[in-house]
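Please explain how the nonpolar residues of this model are arranged, at its surface and in its interior, and keep the computed criteria explicit.

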Amino acid sequence: MRQFFPIFEHYPDLVYLDSAATTQKPRIVIEAERYFYEWQNANVHRSIYPLAATATAAYEDTREKTRAFLNAREAREIIFTRGTTESANLVAQSYAGERLEEGDALLISAMEHHSNLIPWQQVCLRKKARLLVIPVNRDGTLDMSRIPELLRKNRVKLLAISHISNTLGTINPISDIIALAHQHGTPVFVDAAQSAASMRLDVQALDVDFLAFSSHKMFGPTGVGVLYGKSELLETMPPWQYGGEMIRDVTFEHTVFAPLPQKFEAGTPNIAGVVAFSAALEFIAGLDREKITGQSRALLDYATDELNRIPGLTIIGQAREKAGILSFTLADAHPHDIATILSEQQICIRAGHHCTQPLLDFLDLPGTARASFSVYNTEADVVRLVKGVREVLRLMGD
Ligand SMILES: *Cc1c(COP(=O)(O)O)cnc(C)c1O
């Protein structure tokens, strides 16, 4: 796999264990972006000369590919955004912001990324609504037993939940959660930022109402994200940003907005990024998903076993259903010191609260060190990681 990623040619000794923050990019994605600028560059949806038609076709072709990737019913249910963060803000403002009344509630979980927390928190504050939180068990799983009661006793207008926790690696049973929420008439927003690269997402089978993810965590460029929404919900939502591209007819007094999906894509989008995202989807389609999932599970298990042998090391997040994300603490070592010492050995991990500060407060931890795996990682990377962590321990003992 490493041969598809030019960065490993430039840094042969690099041990990249931070794919939960962003994945490396395969050559076909880098080439696709370059090809667009060299051969197809024009603005979309505006002009009739051939170059503009080509650019528009490439952009809309990616929308169709994304529809197929998610098995959505219609391409107009796919909105391009800047990322998961922007997708959540769109729904928070245009859906929750329109529907919340004083005393209503939104429901999230204790393991949410700040991106799937602050947009809901702020709209609740503005609307005098309450933000309710599904607790997390000590092992890093969701306390599912609390969900029915939370839904029954409150007027919950939306449940927003991550598919995979970027800090704990927990894979949440979103299918069950969606079914539960729907029993109470509550729509669900799924943050699929950590799952889109590795798990099959079928929005019709899940019956999910909204789902969001970021291109850059699935081998695509930065600055491109997706919001899927059921058309019947998106139709009822007002635009959240105004400008070019999203209109049908404008006077000084009045504007008629464009239909879906343009209604939610004001201004010139990241055209080259969207077109290159297409190549990322092709890259994923070319992977043997079952083999990759098996390999990443094997790497996770191997790393877990090896790290568990290190005295003073504690793995944070012990769910049985877990993705290739491994958070740990090491005796009294500050996570930033662990990351610094590892970085001197060309090992890239992340240290800190991973944009989940309330979760770490809840677990009573200042932060963790986090290694995350993707398709280009090998057993040799795990060996280097474990050796590096032992070195941290040795240096601290001195
Ligand atoms: C990375 C991440 C986000 C935010 O994604 P952006 O690309 O920064 O917008 C949200 N939720 C989870 C679980 C993430 O891992």
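**From surface to core**

I247 counts as partly exposed because its relative accessibility is 33%, where partly exposed lies between buried, under 20% relative accessible area, and exposed, over 50% (1.4 Å probe, protein chains only). This is a predicted model, in which local features need pLDDT of at least 70 and side-chain atom pairs count only at pLDDT 80 or more, while totals for chains, interfaces and linings use all residues. Residues are numbered from 1 along each chain as its sequence is written, and side-chain values use heavy atoms, with hydrogens and water left out.

I247 is placed in strand β9 (residues 247–250), a strand being a DSSP run of E with at least two residues and a helix one of H or I with at least four, numbered from the N terminus.

In the interior, S87 of helix α4 (residues 84–99) counts as buried because its relative accessibility is 0%. Leaving aside residues up to four places away in sequence, S87 touches T81, F189, A212, V226 and L227, contact meaning heavy atoms within 4.5 Å.

The largest nonpolar core, a set of buried Ala, Val, Leu, Ile, Met, Phe, Trp, Tyr and Cys residues joined through side-chain atoms within 4.5 Å, has 74 residues, of which L70, V190, L211, F213, M218, F219 and F277 touch the most other members. Helix α10 (residues 271–285) contributes the largest share of this core, eleven residues. With the same sequence neighbours excluded, up to four places away, L70 touches I78, L201, D202, V203, L211, F213 and Y228. A second, separate core comprises 28 residues, among them L313, L326, L330 and V382.
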